[in-house]
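Subject: Structure handover, with notes on what was found

Dear colleague,

I am passing on the structure we discussed, and the notes that follow set out what was found in it. Please read them with the sequence and the model open beside you.

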Amino acid sequence: MTSAEYVLTLSCPDRPGVVAAVSGLLAGHGGNIIESQQFGDRVEQRFFMRVQFASPLSEDELRAAFAALAPEFGMEFELRDVARRPRVLIMVSRFGHCLNDLLYRVRSGSLDIEIVAVASNHPDLRPLTQSYGVDYHHLPISPETKARQEAEVLALVEHYQVDLVVLARYMQVLSEDLCAKLAGRAINIHHSFLPSFKGAKPYHQAHNRGVKLIGATAHYVTSHLDEGPIIEQEVARVNHSHSPDDLAAIGRDVECVALARAVRWHCEQRVLLDGHKTIVFPR
């Protein structure tokens, strides 16, 4: 009998017997655990678990089995067939480094996702995107057209059956309504190690303050600007010899690294929301 691989993630009130119940259910249905990680938040009294396993059962059969178990533990769970590559829409403005990095990682096989389309409020990055054979949608925006433009974004999400939206230096603030509709499935890269220098030219501000570390923060998008649950942060050490342009170049590198990790971990279901923070189960 052939088996498929699945990832199960769950959270529930922390109490004895959760791991035993999950592993027992899998064993009872011929499943074989490949990887298992768990964490108990003692402050919130909540338990989090990620299990990757092989099973001869179909996804529907497994979902039904876990749905029957869930009420006993007050369990919220998600199940995904590992063979199904997450479908990703990237949004970008004029800075193309993060977009280019993600496109290359997918083409080289180091990032197992499907970039189904790129949307931008500018036409500049169409040639780069189309060189990878990916659809490009130019969606101009102004204060008067913001609602209509965001409706077009949602139409793309539905049309391409998007699992994740990635703001790869998309320099527009999403409305509260769009943030709500994309809750838990939109990731932004912020060009600073949050909390950060606000306003224009952050690297010039950092240079003027003589910072010793610069960084980038990948986080989930919420209606509170740049305050969503943090998934990953990356830093690089700098010194007085670096110019503002040097800092910006180093910053672009760390933005790419932090964003790629966040996208990978989210799409491998290694990130679980815990209130205003995240639980990350990296490899």
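For the pocket described first, Ala, Val, Leu, Ile, Met, Phe, Trp, Tyr, Cys and Pro count as nonpolar, Asp, Glu, Lys and Arg count as charged, and the others, with Gly among them, count as polar. Please also bear in mind throughout that this is a predicted model.

With those classes, the lining of the second largest pocket divides into eleven nonpolar, five polar and seven charged residues. The volume of this second largest pocket is about 610 Å³, and of the 23 residues that line it, those closest to its centre are T9, E78, H266, Q269 and V271. Two or more lining residues come from each of β1 (4-13), β3 (46-55), β4 (76-81), α8 (244-267) and β12 (271-274), and among the elements it is β4 that gives the most, with five residues.

One of the residues closest to the centre of that pocket, Q269, deserves a separate remark on its backbone. Q269 is placed in the loop between α8 and β12, and it has a positive phi of about 55° although it is not a glycine. Since its relative accessible area is 10%, Q269 counts as buried. Another residue with a positive phi, near 50°, is Q161, which is likewise a residue other than glycine. Q161 lies in the loop between α5 (146-159) and β8, and with a relative accessible area of 57% it is exposed.

Turning to the record, UniProt places the feature "domain: ACT" at residues 7-87, in an unreviewed entry. Over residues 7-87 the chain is 32% helix and 42% strand, and the C-alpha atoms at the two ends are 16 Å apart.

The strand that follows the loop holding Q161 is a good place to begin with the sheet. Strand β8 (residues 164-167) is covered on both faces, with L164 and V166 buried on one side and V165 and L167 buried on the other. Strand β5 (residues 87-92) runs parallel to β8 and is joined to it by four bridges, and within this pairing V88 stands opposite L164. Strand β9 (residues 186-190) also runs parallel to β8, to which three bridges join it; here the bridge partner of V165 is A186. Between these two strands the chain crosses from β8 through helix α6 (residues 176-181) to β9, in a β-α-β crossover that is right-handed. A further partner pair between the strands is L167 with N188 in β9.

How many of the five residues of β9 are buried? Five of the five are, so β9 is largely enclosed by the rest of the structure. Taken by face, A186, N188 and H190 are buried on one side and I187 and I189 on the other, so that both faces are covered, given that buried means under 20% relative accessible area. Strand β9 also pairs with β10, in the antiparallel sense and over four bridges, and in this pairing I189 stands opposite A218.

The loop after β10 holds the position that may interest you for further work on the record. For "active site", UniProt lists D226, again in an unreviewed entry, and the place of D226 is in the loop between β10 (213-220) and β11 (230-237). Is D226 buried, partly exposed or exposed? With a relative accessible area of 23%, D226 is partly exposed, because the buried class ends at 20% and the exposed class begins over 50%. G228 lies in that loop between β10 and β11 as well, but G228 is buried, with a relative accessible area of 6%. The C-alpha atoms of G228 and V238, which are ten residues apart along the chain, are separated by 27 Å.

With best regards

Notes
Residues numbered from 1 in each chain as written. Predicted model: local features only at pLDDT ≥ 70, side-chain atom pairs only at ≥ 80, totals over all residues. Heavy atoms only, no water. UniProt positions renumbered as here; feature names shortened; annotations may be inferred. Buried < 20%, exposed > 50% of the residue type's maximum accessible area, 1.4 Å probe, protein only. Pairing = 2+ DSSP bridges. Right-handed = clockwise from strand over helix to strand, strands pointing away. 1 Å grid on protein atoms, 1.4 Å probe; cavity = no way out; pocket = protein on both sides within 12 Å on 5 of 7 lines; lining within 4 Å. Points joined across faces, edges and corners; volume = space filled by probe spheres on them.
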